[in-house]
Structure formats: structure tokens, C-alpha cells
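Biologist: I'd like a close look at just one part of this model, please. Pick a spot where several pieces of the chain meet, and walk me through who sits next to whom.

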Amino acid sequence: MKIQQINVTTGVGDLKFTMSEQDIIQLLGKPTTIDNDTLNKCLVYYYDELNLAVVFVEIEGQMIIDSFEMENVCYQLWDKPIVKQNFNAIIDLFKQNNISDFEQHKNEYGSYIMYKNLFIEFDKENNIATDFSLSNPTL
């Protein structure tokens, strides 16, 4: 799987927040599963082989990308993988890139780091990053 760089303002690799459903399908192919989440009023395209979910919301009659959710080491921030890294390594990565305006939290489920529209989750037992999501900064 190709390494995909995360850009908090535009998207992940070739995936851009400005893309339509058809653009996503043209780039990635047909999703493994499509979930029409009526509770949260969103549509989720799951790509199991990429460990990727693309979440769409309807705004003014158009489906807009709300977020990308990822669980794979091929997705990187500042040329470093996020998933499977420990909490302190991610904190160090932010500091190495002169980012100080991030938030770090712990709760009964584990830890998480928030930076702008990037949300990284860590498991409670090992404090290792399990997944992360990148939300559309224009929504």
C-alpha cells in the first residue's frame, strides 16, 4: 500500500475534502461496504483493504466529505506513521514540527490528541495509537 501523507487542510494523499462521491469511487473504486447512518445523518464508504472510511454529510442537497477515518501505518503525518506509535512519540512528533497548540486528554477509554481537525486515539492498555480521523476544516 502506498504511503499517504496527511495534510490537515486538504486531506490525505490524493483524497481531498473537495471531492465528490463519484470522485472517491473513481479514485478508490467501489467501497467494500456503504453504511447509510440515519442516526448521525451521514453516509460512510468503507474501504477495508485500505483501513479507510470516507464519511459524507448532506449539506444543501449535496454530499460533502465530512471526514476521513484511518487505521493503518501507511498514513503519515510529517513523514512519520501515526498508527502503532505510542502517545509520547506522537507528542514528540508535534513538538519536532513546532506545533504546540494541540490538546491531549485522557479518559476511561484511553487517551487522545486533538490538533485542529486531526483526532488521534490511543488504546487504554498500551497507550498506542489505534486510529485517527481527519475532519473537513471547512465544515
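Modeller: One term before we dive in: a residue is called buried when its relative accessible area is under 20%. Also keep in mind that this is a predicted model.

Let's start with Phe17. Its relative accessible area is 6%, so Phe17 is buried. The ring of Phe17 belongs to one of 8 aromatic pairs in the structure. Its partner is Phe68: the two ring centres are 5.1 Å apart, with 35° between the planes, and that makes the pair tilted. Phe17 sits in the loop between strand S3 (15-16) and helix H1 (21-28), while Phe68 is in strand S7 (residues 62-70), so this pair ties together parts that are 51 residues apart in sequence. Phe68 is buried too, because its relative accessibility is 0%.

Now look for Leu134, which belongs to strand S13 (residues 129-135). Leu134 has a relative accessible area of 0%, so it counts as buried. Leaving out residues up to four places away in sequence, Leu134 touches quite a list, including Phe17 and Phe68. Also among its contacts are Ile6, Val8, Val12, Met70 and Leu118. The fold brings distant bits of the sequence to this spot: Leu134 and Thr10 are 124 residues apart in sequence, yet their C-alphas are 9.7 Å apart in space.

Ser67 is another residue that Leu134 touches. You'll find Ser67 in strand S7, and with 4% relative accessibility it is buried as well. Again skipping residues up to four places away in sequence, Ser67 touches Phe17 and Leu134, along with Ser135 and Asn136. Ala53, Val54 and Val55 are also on the contact list of Ser67.

Let's follow Val55 for a moment. Val55 is in strand S6, where it is the bridge partner of Val44. Strands S5 and S6 (residues 52-59) run antiparallel to each other and pair over 6 bridges. They form a hairpin with 4 residues between them, and Asn51 in that turn has a positive phi of about 50°. On the S4 side, Val44 of S5 is the bridge partner of Asp35. Strand S4 (residues 33-37) pairs with S5 over 5 bridges, again in the antiparallel sense. That makes another hairpin with 4 residues between the strands, and here Lys41 in the turn has a positive phi of about 55°. As for S5 itself (residues 42-47), 5 of its 6 residues are buried, so the strand is mostly covered.

Last, back to strand S13, which has a ring pair of its own. The centres of the Tyr75 and Phe132 rings are 6.5 Å apart and their planes sit at 75°, so this pair is edge-to-face. Tyr75 lies in strand S8 (residues 75-77) and Phe132 in S13, which means the pair ties together parts that are 57 residues apart in sequence. Tyr75 is buried at 3% relative accessible area, and Phe132 is buried at 1%.

So here's the picture to keep: Phe17 pairs with Phe68, Leu134 touches those two and Ser67, and Ser67 reaches across to Val55, which bridges to Val44 in the hairpin strands.

Key:
Residues numbered from 1 in each chain as written. Predicted model: local features only at pLDDT ≥ 70, side-chain atom pairs only at ≥ 80, totals over all residues. Heavy atoms only, no water. Helix = DSSP H or I, 4+ residues; strand = E, 2+ residues; numbered from the N terminus. Buried < 20%, exposed > 50% of the residue type's maximum accessible area, 1.4 Å probe, protein only. Contact = heavy atoms within 4.5 Å. Phe/Tyr/Trp six-rings, centres within 6.5 Å; stacked < 30°, edge-to-face > 60°. Pairing = 2+ DSSP bridges.
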